[in-house]
Amino acid sequence: MKVLKGLLFINEKDVFLEYGVFLHEDKAGAHTNYNELLKPPSMKDYVAVAFRERDGEELPEKLPMPRVEPRDVTLQFTLLADTKAEFMNRYTTFLALLQSGWLQIRLPELGKTYRMYYKDCTGYEQLTYLEDESVYAAQFKVKFREPQPAV
């Protein structure tokens, strides 16, 4: 588990050390989380004029500086704990962190920091029973909004 330390920081907290949370993939060799983070945002449309008397649309000869749309990013998390009490505490405090407002999501491996806010939990799966288990685990998908994408 030491390999999971230092991979993901939210508001400068190492979420694995603090909450037992890390980014997970559905299968070995997948890169779903990094694919989401590194996918370029959509471009904003250029202002165009469409005359009824002409085919197509007209744009300026020199296009203005390109700009991007805000984007939604869905990340997949796993939460681990050794006891039921620790699991419930980590779950509650991690959700409080996600719902606290602006989040600085930093991934040292990518050398990038994203400024986002929590939007929705799009899926939750309890992986173990909450009674008499040697490890307690859950996976969930969280949708974030990045109003001004870091390109």
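Two strands are taken as paired if DSSP finds at least two bridges between them. In the predicted model described here, β6 and β7 satisfy this criterion, being joined in the antiparallel sense by 8 bridges. Strand β6 covers residues 112-126, and β7 covers residues 136-146. Within this pairing, Tyr117 stands opposite Arg145 in β7.

Further pairings involve the same two strands. Strand β7 also pairs with β4, again antiparallel, over 11 bridges; here Leu75 is placed opposite Val142 in β7. On the side of β6, 6 bridges connect this strand to β5 in an antiparallel arrangement, with Arg106 facing Thr113 in β6. The hairpin formed by β5 and β6 has 4 residues between the strands, and Gly111 in this hairpin adopts a positive phi near 65 degrees. Strand β5 is additionally paired with β1, a strand of residues 9-10, through 2 bridges in the antiparallel sense. In that pairing Ile10 lies opposite Ile105 in β5.

The side chains of β5 follow an alternating pattern. Leu103, Ile105 and Leu107 are directed to one face and are buried, whereas Trp102, Gln104 and Arg106 are directed to the other face and are not buried. Such alternation between the two faces of the sheet is what a regular strand shows. Ile105 has contacts with residues remote in sequence: with neighbours up to four places away not counted, Ile105 touches Leu8, Phe9, Ile10, Lys112, Thr113, Tyr114, Met116 and Phe144.

Ile105 is also one of the residues with the most contacts inside the largest nonpolar core, a group that further includes Ile10, Val15, Phe77, Phe94 and Phe144. This core comprises 25 residues. At least two of its residues are supplied by each of α1 (15-19), β4 (71-81), α3 (84-98), β5 (102-107), β6 and β7. A separate core of 5 residues lies apart from it, with Leu4, Phe16, Leu80 and Ala137 among its members.

Strand β4 also carries a polar residue, Gln76. With a relative accessible area of 3%, Gln76 falls under the 20% limit and is therefore buried. When neighbours within four places in sequence are set aside, the contacts of Gln76 are Phe22, Leu23, His24, Glu25, Asp26, Thr32, Asn33, Phe140 and Lys141.

Phe140 and Lys141 also appear in the surroundings of Cys121, a residue of β6. Beyond its neighbours within four places in sequence, Cys121 is in contact with Phe140, Lys141 and Val142. The relative accessibility of Cys121 is 32%, so this residue counts as partly exposed. Cys121 and Glu69 are 52 residues apart along the chain, and their C-alpha atoms are separated by 22 Å.

The loop between β6 and β7 contains Tyr129. Tyr129 counts as exposed because its relative accessibility is 64%, a value over the 50% limit. From Asp14, Tyr129 is separated by 115 residues in sequence and by 26 Å in space, C-alpha to C-alpha.

Nonpolar side chains also contribute to the surface. Met43, Tyr46, Leu59 and Leu63 make a nonpolar surface patch of about 330 Å². Of these residues, Leu63 is located in the loop between α2 (32-38) and β4. Leu63 has a relative accessible area of 42% and is therefore partly exposed.

Backbone geometry was examined in the loop between β1 and β2 (13-14), where Asn11 lies. Although Asn11 is not a glycine, its phi is positive, at about 50 degrees. Glu12, placed in the loop between β1 and β2 as well, likewise has a positive phi without being a glycine, with a value of about 65 degrees. As for accessibility, Asn11 is partly exposed, with a relative accessible area of 28%, while Glu12 is exposed, with a relative accessible area of 54%.

Methods: Residues are numbered from 1 along each chain as its sequence is written. This is a predicted model: local features need pLDDT of at least 70, side-chain atom pairs count only at pLDDT 80 or more; totals for chains, interfaces and linings use all residues. Side-chain values use heavy atoms; hydrogens and water are left out. Buried means under 20% relative accessible area, exposed over 50%, partly exposed in between (1.4 Å probe, protein chains only). Contact means heavy atoms within 4.5 Å. A nonpolar core is a set of buried Ala, Val, Leu, Ile, Met, Phe, Trp, Tyr and Cys residues joined through side-chain atoms within 4.5 Å. Patches are made of residues with over 30% relative accessible area and no salt bridge: like charges are joined within 9 Å, nonpolar side chains (Val, Leu, Ile, Met, Phe, Trp, Tyr) within 5 Å. Accessible areas come from the Shrake-Rupley method with a 1.4 Å probe; for residues, only the protein chains shown count as cover. A salt bridge is a side-chain nitrogen of Lys or Arg within 4 Å of a carboxyl oxygen of Asp or Glu.
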